[in-house]
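Colleague: Could you take one short part of this model and go through it closely, setting it in the context of the chain that holds it?

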Amino acid sequence: MDTSALIPEMTFGALIILYFSIGLFIKGRYLLTAMALGSCMITVSFLITAPYGQVFGGAFVADPLSQSFKFVFHVCLALSLLISLRYGIIKDGQFFEYVLLMMLATLAMMLVASSRDLIPLFLSIELMALCSYLLTGLARDDLRSNEAGLKYYLLGTLASITLLIGISALYLVTGTTDIKAIGEFLRAQSGAPNPYEYLGIIAVLIALSFKAGAVPFHQWSPDVYEGAPTTVTAFMSVGPKAASLSALGAVLYGAFGGDPEVWVNTLIFIAVATMAIGNILALRQDNLKRLLAYSSIAHVGYMMLGLLAPSQEGLSAIVLYMLIYAFMNIGAFAVVLSIQEGEGINAYRGLASTNPFMALCMLILLFSLAGIPPFAGFIAKFRVFMAAIHAGYTVVALLGILFSVLSAYYYLRIVVKMYFDTTELPHSLVPINLNIATATAVLAVCLLGIGPSLLI
Amino acid sequence: MVEGYPLLSVLTFLPLLGVVALLLMSSAQAVRYTALLFTLLEFVLSIPLLTDFDKATHRFQFVEAYQWIPSLNIHYKMGVDGISVLFILLTTLLSVLSVTVSWRAIVQKVKEFYAMILLMETAMIGIFCAMDLFLFYIFWEAMLIPMFLLIGIWGSSNRVYAAVKFVLFTLAGSVLMLIGVIALYFQGGKTFDIQQLSLMRYPIEFQYWLFFAFFAAFAVKVPMFPVHTWLPDAHTEAPTAGSVILAGVLLKIGAYGFLRFSLPMCPDATRELMLPMQVLSVVAIIYGAFVTLMQTDFKRLIAYSSVSHMGFVTLGIFSLNQQGLEGGLLQMINHGIVTGAIFLCIGMIYERTHTRQIEDYGGLGRAAPVYVFFYTLFSLAAIGFPGTNSFIGEFLVLSGAFKSNYAVAIPAIFGILLGTGYMVWLYYRVVLRDINPAIKGHLQEIGGREILTLIPLLLLVFYIGLQPAVPLSFVQVSIKHLLLQMDGVALMGLR
């Protein structure tokens with residue numbers, strides 16, 4: 001059997017084991033981070049060079065799309081590691097396991113992106129989720145973190161059960177768990193769909209929407225994002241969401257592509273509700289972590305528009321969106337971390353005078369999040385809306401764009417505090433790693449905004 | 001001129017280079033001189049656009065085209081024709097004046113201020129040069145950020161509200177345009193090339209649809225009644241340079257959009273919707289003039305008068321005949337010159353008195369005769385006095401409107417009457433009467449820098465007023481072609 005398509009995963013797995021065995025004896029945060037970043041880079045280089053192909057009878061597929069998703073996961077991991085370097089909430093004694101959990105979660109996400117069979121898909125989603133639960137509750141002596149971890153675990157398990165029910169129902173109808181085979185079976189089937197087929201499709205859709213934090217299954221995410229250590233929030237607002245969307249894309253096209261009328265209205269409802277609720281609830285948030293949590297819900301809504309397009313166009317729009325979003329969002333979290341009491345919006349008053357560099361970076365990131373050119377956030381939204389319009393969902397795209405105008409309001413609120421408020425708060429020194437992370441993110445946002453053809 | 005020298009790209013991105021240069025400066029004075037140097041250089045470089053422009057053709061000139069995002073067939077394509085060329089000159093000129101008028105008015109965050117002015121210049125010139133719809137949209141939206149900061153950081157007391165309102169209004173309009181842009185891409189054969197898209201004849205339903213999508217964006221920018229409400233706030237709260245750029249160039253971009261997109265791409269829908277558009281224009285003229293009469297704030301008054309004046313511009317455009325369109329275009333330039341100049345005047349006096357209430361003024365004629373000399377002539381130009389530029393513009397607009405529809409042209413004349421009313425009354429209250437003792441000590445005469453700022457605009461007022469054929473000669477062929485294109489005649493000739 002030719003397993004060369006598995007090289008990146010195998011390499012990363014081996015590197016994780018290496019990290020695990022050596023890292024046990026290392027105390028220094030710098031060294032641990034360097035090891036993890038090194039593993040990240042090695043894996044990315046393999047990702048770029050490894051051949052495409054199938055392994056395990058088509059249960060694992062490496063194609064351009066899944067490889068780009070994996071690239072996004074690694075960007076997210078690397079940036080999250082960078083901003084965690086001196087983050088005080090993660091104690092020195094925990095740092096080893098913190099990094100390990102992040103790496104494991106990333107490995108799980110890589111498997112999610114490539115799984116084309118429901119059983120490995122379920123298993124890798126579970127691995128990803130377990131790592132996320134632990135990461136959320138990692139600040140052991142912080143009650144909010146404990147609460148968030150427990151809440152996430154309980155609700156997440158419910159979603160996993162839903163996913164299992166869906167998979168069982170589909171197995172009942174089709175007699176297989178292979179995504180492609182399910183798709184062929186459903187396509188060949190004539191007449192009205194079996195009720196179990198409905199159950200299966202809708203249950204899978206709901207479970208994956210839950211994992212992506214889409215409305216109306218979003219209730220967990222603001223609490224979890226607020227409670228979790230900020231670096232974990234940054235990580236979770238990108239990686240697991242991207243993985244869930246990639247799974248959703250694979251299932252919707254691979255398995256349910258034959259009769260989109262069964263799920264497309266549900267998906268439109270979820271996408272529009274997600275954009276609406278995410279943006280509306282973000283309007284009055286004074287806590288920046290919560291604001292970014294709601295805004296990340298809204299961004300999932302935009303990305304879901306890409307799922308409406310019955311083509312690779314939509315999925316590649318989502319990948320591009322996710323990559324750009326990783327830079328924007330983790331960059332914004334890096335700024336939040338760099339400000340004293342940075343969770344409260346009032347901490348940003350007069351930032352343009354006390355720390356012009358950070359203020360400028362935040363300005364660019366926020367305008368990018370709002371989707372205003374020439375920054376990359378615009379290209380991301382443009383591609384997604386384009387895919388939706390191409391597929392004929394002009395009205396849905398219009399709603400999406402209107403909500404994105406709404407979003408400009410709450411992003412601008414922060415800019416107003418930073419630039420238009422003349423209160424001078426005491427200046428605090430920003431650690432170099434946060435400066436690097438923010439600068440990287442801003443650079444990426446600018447470059448991708450001006451030259452998106454670097455990637456697409 | 002060297003063949004193949006990318007003049008338009010240089011013009012567009014030179015200010016950006018200026019921003020980089022500014023970032024390296026430390027003293028405020030050095031920043032001011034650098035900004036002045038760059039805007040002056042930009043202005044000098046833009047002069048060849050006039051001298052080398054071939055007035056005999058409607059075709060785009062100084063064209064540059066490169067692949068930009070191949071997978072979406074997006075090009076970096078720049079070019080100018082008779083419709084856009086004058087606006088670039090207007091932009092480069094007003095940018096220089098914005099720098100000089102802010103010389104002493106801006107004392108906080110000087111570097112950032114001039115960086116914003118230069119960023120605005122890049123975006124504005126980019127808009128007039130872009131021949132690719134995507135590129136156009138990028139510049140169009142990118143303009144929001146520096147303007148938002150200009151109003152919000154350096155504006156007066158109510159600046160935050162005005163800045164946020166400005167952004168949200170504009171953004172809401174332009175996102176509808178974004179939908180139109182994407183739909184046009186698929187309808188027009190997967191291209192963003194403005195020329196190619198203008199060649200197509202779209203189905204009438206699509207034309208309606210597209211017209212409304214673009215209308216949302218352009219009407220907010222112009223602004224047309226009833227989406228004008230952001231304008232008085234933004235103009236009033238912005239610093240002088242911001243008001244000059246807003247009134248001088250930004251408002252023109254909306255009307256330019258009508259000429260560049262709505263008319264050639266939705267000709268049938270435009271003809272069908274001609275009457276509603278004319279009515280909206282006349283409502284803007286009359287309503288704008290009445291609201292202007294009621295204002296007690298000097299700057300707000302001029303801001304509202306822009307609503308009325310821009311009504312003439314759109315009235316001319318939607319007359320859909322040669323005179324109307326020429327008049328509309330000329331009136332856009334005129335309004336940029338005259339209202340820009342009046343905002344400069346207001347800024348100069350506000351710098352001294354720190355009040356914008358008309359009631360606080362009076363007797364300027366005795367206190368600052370040189371200033372009043374300029375102010376008087378600009379006021380006359382705003383009224384449309386014969387011999388000034390606005391007279392020609394308004395005359396052409398009205399003759400176009402009469403040719404098109406008597407019923408809308410007659411009420412528009414009352415607009416001119418009302419315009420004379422509010423300008424003369426304002427003049428009486430500010431220049432004549434007795435000097436208000438409260439501000440007496442502050443009323444110093446304007447200095448050399450300020451006189452130099454006003455002179456170019458004054459010369460233009462009379463040059464265009466006495467030699468209207470010169471500016472009109474740039475636009476005539478392009479407008480004739482635009483009208484033929486709307487009739488479907490020019491399609492063969494273009495290929």
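Modeller: In helix α10(B), the buried residues are B:Trp230, B:Leu231, B:Pro232, B:Asp233, B:Ala234, B:His235, B:Thr236 and B:Glu237, where a residue is buried if 20 or more other C-beta atoms, placed from the backbone, lie within 10 Å of its own. This is a predicted model, in which local features need pLDDT of at least 70 and side-chain atom pairs count only at pLDDT 80 or more, whereas totals for chains, interfaces and linings use all residues. Residues are numbered from 1 along each chain as its sequence is written, and chains are lettered from A in the order in which they are written. Because eight of the eight residues of α10(B), which covers residues 230-237, are buried, this helix is largely enclosed by the rest of the structure. The partners of those buried residues in chain B are α6 (144-154), α7 (159-187), α11 (240-265) and α14 (298-317), with contact taken as C-beta atoms within 7 Å.

Turning to the surrounding chain, chain B comprises 22 helices and two strands, assigned as DSSP runs (H or I, at least four residues, for helices; E, at least two, for strands) and numbered from the N terminus. Burial extends well outside this one helix, since 59% of the 495 residues of chain B count as buried. Among the contacts in chain B with a separation of 6 or more, 79% join residues 24 or more positions apart. The C-alpha trace of chain B spans about 70 × 55 × 40 Å along its principal axes, and its radius of gyration of 22 Å agrees with the value near 23 Å for a compact globule of 495 residues (taken over C-alpha atoms; the rule is 2.2 Å times the number of residues to the power 0.38).

Definitions and conventions. A residue is buried if 20 or more other C-beta atoms lie within 10 Å of its own, exposed if 12 or fewer, and partly exposed in between; C-beta atoms are placed from the backbone. Two residues are in contact if their C-beta atoms, placed from the backbone, lie within 7 Å.
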